[in-house]
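Okay, thanks for squeezing me in. Let me put the structure up, and then I'll walk you through a few spots.

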Amino acid sequence: MSNKKIVVIIDNDSGNLTSLKNCIDALGYHCKITSDKKDIINSDQLIIAGASNVDHAIQNINNQELDKVIRDYFFMKKPILGICAGMQIIFNKSEESNMTSTLDILNGEFKKIPNKSENVEIRKVPNIGLFHIVEKKIYLLNKNNKEYTFKVPSGNYYFQHSYYLSSSLNNIIKININYNNIKIPALVAKDNFVGLQFHPELSGKSGMKLISNYLLKT
């Protein structure tokens with residue numbers, strides 16, 4: 001039986017969207033990949049995903065005039081999930097974006113992972129692989145400013161990225177991983193926004209459970 005909630009994945013001409021939709025479909029939700037403004041604003045949950053360069057993602061959003069829709073959605077306090085490049089574009093700066101401004105909704109800069117530093121062996125960039133995350137409750141706010149939670153299940157999650165969030169707003173960083181002595185924010189949360197540096201749709205049972213927990217609670 002299908003869940004009545006409508007989940008929209010923004011069609012930003014990026015990779016992995018079909019894999020993500022398949023996961024959500026399998027959980028019984030009505031899920032649509034679209035760039036239609038009316039479909040987006042009327043949805044119950046919005047997902048911005050992508051495995052592409054952030055410039056490519058934001059240019060597609062701007063070309064379709066979806067930047068204002070995403071900002072409106074955020075300030076309406078409707079739930080937004082940003083995955084990888086979809087997480088980057090919510091913040092106000094990225095070293096990966098040489099040509100186009102990101103959406104400047106949250107403060108924070110994405111910087112390239114340094115391939116080496118003092119007393120540390122050379123890091124491979126991009127960072128690709130599974131990292132273990134322990135179970136954690138994440139606290140969010142709905143449109144009535146009422147607090148609610150969803151649980152990140154313990155498990156291994158798949159990362160594939162060259163940039164990481166460097167933010168002075170440490171309170172928004174909820175989970176870090178350690179990549180060869182550098183802290184990589186793996187999950188951030190602020191009010192109605194959750195950002196994932198990893199790809200839950202490529203993380204097997206752990207990722208599927210995380211998506212299920214998130215959609216059920218938001």
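So, Ser206 sits in helix H6. This is a predicted model, by the way, so keep that in mind throughout. Is Ser206 buried or exposed? Its relative accessibility is 16%, and the cut-off for buried is under 20%, so Ser206 goes down as buried. What does Ser206 touch, once you skip the neighbours within four places in sequence? That list reads Pro153, Ser154, Gly155, Asn156 and Tyr157.

Staying with that helix for a second: H6 covers residues 204-217, and it packs against helix H1, residues 17-26. The angle between the two is about 65°, and the axes are 10 Å apart. The crossing of H1 past H6 is right-handed. On the H1 side, the contact comes from Leu20, Cys23, Ile24 and Ala26, and H6 puts in Met208, Ile211 and Leu215. If you sort that contact by class, you get 7 nonpolar residues, no polar ones and no charged ones.

Okay, aromatics. Tyr157, which we just met as a contact of Ser206, belongs to an aromatic cluster together with Phe131, Phe159, Tyr179 and Phe198. The count of aromatic pairs comes to 7. Let me take one with Phe159 in it. The ring centres of Phe131 and Phe159 are 5.3 Å apart and the planes are at 75°; edge-to-face needs over 60 degrees, so that's what this pair is. In sequence these two are 28 residues apart, with Phe131 in strand E7 (residues 127-133) and Phe159 in strand E10 (residues 155-161). Both Phe131 and Phe159 are buried.

Phe131 also pairs with Tyr179, again edge-to-face, at 6.0 Å centre to centre and 80° between the planes. Here the partners are 48 residues apart: Phe131 is in E7, while Tyr179 is in the loop between strand E12 (173-178) and strand E13 (183-190). How buried are they? Phe131 has a relative accessible area of 16%, and Tyr179 comes in at 12%, which makes it buried as well.

Now the strands, beginning with E4, residues 80-83. Which residues of E4 are buried on each side? Ile80 and Gly82 are buried on one side, Leu81 and Ile83 on the other, so both faces of the strand are covered. E4 runs parallel to strand E3 (residues 45-48), with 3 bridges joining the two, and Leu46 has Ile80 as its bridge partner in E4. E4 is also joined to strand E14 (residues 193-196) by 4 bridges, and that pairing is parallel too. There, Ile83 stands opposite Leu196 of E14.

Last stop is an open sheet of 3 strands, in the order E5-E6-E11, with mixed pairing. Which strands stand at the edges? Those are E5 (91-94) and E11 (163-166); each has a single partner strand, so one side of each has no neighbour in the sheet. From one strand to the next, the twist averages 30°. E6, residues 106-112, runs antiparallel to E11, with 4 bridges between them. One residue pair to click on there: Phe110, whose bridge partner in E11 is Leu165.

That's my tour. Shout if you want me to rotate back to any of it.

Definitions and conventions: Residues numbered from 1 in each chain as written. Predicted model: local features only at pLDDT ≥ 70, side-chain atom pairs only at ≥ 80, totals over all residues. Heavy atoms only, no water. Axes fitted to C-alpha atoms, helices over the stretch in contact; angles between N-to-C directions. Left-handed = near helix turned anticlockwise from the far one by under 90°. Contact = heavy atoms within 4.5 Å. Nonpolar A, V, L, I, M, F, W, Y, C, P; charged D, E, K, R; others polar. Pairing = 2+ DSSP bridges. Phe/Tyr/Trp six-rings, centres within 6.5 Å; stacked < 30°, edge-to-face > 60°. Buried < 20%, exposed > 50% of the residue type's maximum accessible area, 1.4 Å probe, protein only.
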